[in-house]
Amino acid sequence: MKQREFYYDNAKFLLIFLVVIGHFITTFIGNGVIEQIYIFIYLFHMPAFILVSGYFSKGFQKEGYVLKITKKILVPYFFFQIIYSVYYYFLLDKSELTIAIFKPQWSLWFLLSLFCWHLLLFVFTKIKYSLLVSVLIGIIVGYFDAIGGYLSLSRTFVLFPVFLLGFYMKKEHFEKLTSNKGKLLSAVAIVIMLFIIHYILVDMPKEWMYGSKSYEKLGAGWEGGIIRLLYYGMSLIMIFSFFTFVPKKEYFFSKWGTRTLYVYLLHGFIIRYFRTTNLVPFIKETGSYHLLLIFAVIVTLILVSKPVYIIAQPVLELRMDGVRTMFQRKKMKSRV
């Protein structure tokens, strides 16, 4: 039996925690320090997630793969697109309930893009210099205002090079990143990036990191392609720096790295509710920003917990392994 590599589980758990803390601090980016932390996180947390997803998509040509990812990705997307639409209707007191199936609600763009990235592998793995082609496409789409949030098209094309890079990466590449030389280079790179964030990126529109808008909407013209290319480079540096410092051994949080989908899909309900509470003005007035870290830890730990896993698995994965295991243990205890 092949031994599980906890390195990737550790990476996924750390990344999903960064997703949660990133969404918590979004409301507070008017604060200088918070804004720089926000930029630091957003430069790599989702791209790193995307790279890992690409790395584990190497079996895309196996029989039944498309059906598998449809059940795993597309079904939860449709379900939560409807649920979130209804939730926002009541939470935000909207005058009309609108369910736009192909215009992803908030963070659900990732699922729709992820499904498309898997399908794009069938085409791009047959193209010469496919990685270069994907980067060129990611740059070119920014010049077309019509390519935006619908079907998550802009993000799909802009971030696909990261997914494709993950697909082409091998275990040896990650091993080189975690070497002593890799750690030293990453430490230097992080210091340089902190300098760039503090003096340059803090004044740039944050949407450059999302890949969801055209250059025109970001206030750029022909130079938009160059700026996007620079963001590709900075994001890549931050991604590799992150993976350099991910621990390889099994830790108490390693098993939670297998439940990141639960956190990703469910934390939005909590975050959006949080933004409507009096906690937001309280934190701003008192400067109690440390509470955001505490909230992020609590929310993440709750959503990776076994009760949430057992309850949500039938919906999110169309499986009932958790429920079966629970009943089997109860039967064994009753026999004893």
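This is a short walk through the model, stop by stop, with something to select at each one.

**Before you click**

You are looking at a predicted model, where local features need pLDDT of at least 70, side-chain atom pairs count only at pLDDT 80 or more, and totals for chains, interfaces and linings use all residues. Residues are numbered from 1 along each chain as its sequence is written, and side-chain values use heavy atoms, with hydrogens and water left out.

**The whole thing**

Start with the full cartoon: there are 15 helices and zero strands (DSSP runs, H or I of at least four residues for helices and E of at least two for strands, numbered from the N terminus). The C-alpha trace spans about 70 × 50 × 45 Å along its principal axes. The radius of gyration is 21 Å, which agrees with the value near 20 Å for a compact globule of 336 residues; that radius is taken over C-alpha atoms, and the globule rule is 2.2 Å times the number of residues to the power 0.38. Buried residues make up 49% of the 336, where buried is under 20% relative accessible area, exposed over 50% and partly exposed in between (1.4 Å probe, protein chains only). Among contacts with a separation of 6 or more, 79% join residues 24 or more positions apart; contact here is heavy atoms within 4.5 Å.

**Into the core**

Now show sticks for Leu43, Phe110, Trp117, Phe174 and Phe243, the residues with the most contacts inside the largest nonpolar core, which has 103 residues. Such a core is a set of buried Ala, Val, Leu, Ile, Met, Phe, Trp, Tyr and Cys residues joined through side-chain atoms within 4.5 Å. Helix 1 (residues 6–25) gives the most to this core, with 13 residues.

Stay on Phe174. Which residues does it contact, leaving aside neighbours within four places in sequence? They are Tyr7, Tyr8, Leu51, Tyr55, Met169 and Phe243.

**Helix 1 against helix 2**

Select helix 1 and helix 2 (residues 32–42). Their axes are 10 Å apart and pack at about 145 degrees; axes are lines fitted to C-alpha atoms, for helices over the stretch in contact, and angles run from 0 to 180 degrees between N-to-C directions. Leu18, Ile21, Gly22, His23 and Ile25 in helix 1 meet Ile34, Ile37, Tyr38, Ile41 and Tyr42 in helix 2. By type, that contact has eight nonpolar residues, two polar and no charged (Ala, Val, Leu, Ile, Met, Phe, Trp, Tyr, Cys and Pro count as nonpolar, Asp, Glu, Lys and Arg as charged, and the others, Gly among them, as polar).

While you're in helix 2, click Phe40. Is Phe40 buried or partly exposed? Partly exposed, because its relative accessibility is 23%. Beyond its neighbours within four places in sequence, Phe40 touches Ile190, Leu194, Ile197 and Met238.

**Helix 3 against helix 5**

Next, pick residues 45–55 and 109–124: the axes of helix 3 and helix 5 come within 11 Å and cross at roughly 35 degrees. Met46, Ile50 and Ser53 from helix 3 meet Trp109, Phe110, Leu114 and Trp117 from helix 5. This contact divides into six nonpolar residues, one polar and no charged.

**Last stops**

Highlight Ser130, Ser134, Gly138 and Ile139, the buried residues of helix 6 (residues 130–140). They pack against helix 5, helix 7 (153–168) and helix 10 (224–244). Finish in helix 10 at Gly233, which counts as partly exposed at 30% relative accessibility. Draw a C-alpha to C-alpha distance to Gly257: 27 Å in space, 24 residues in sequence.
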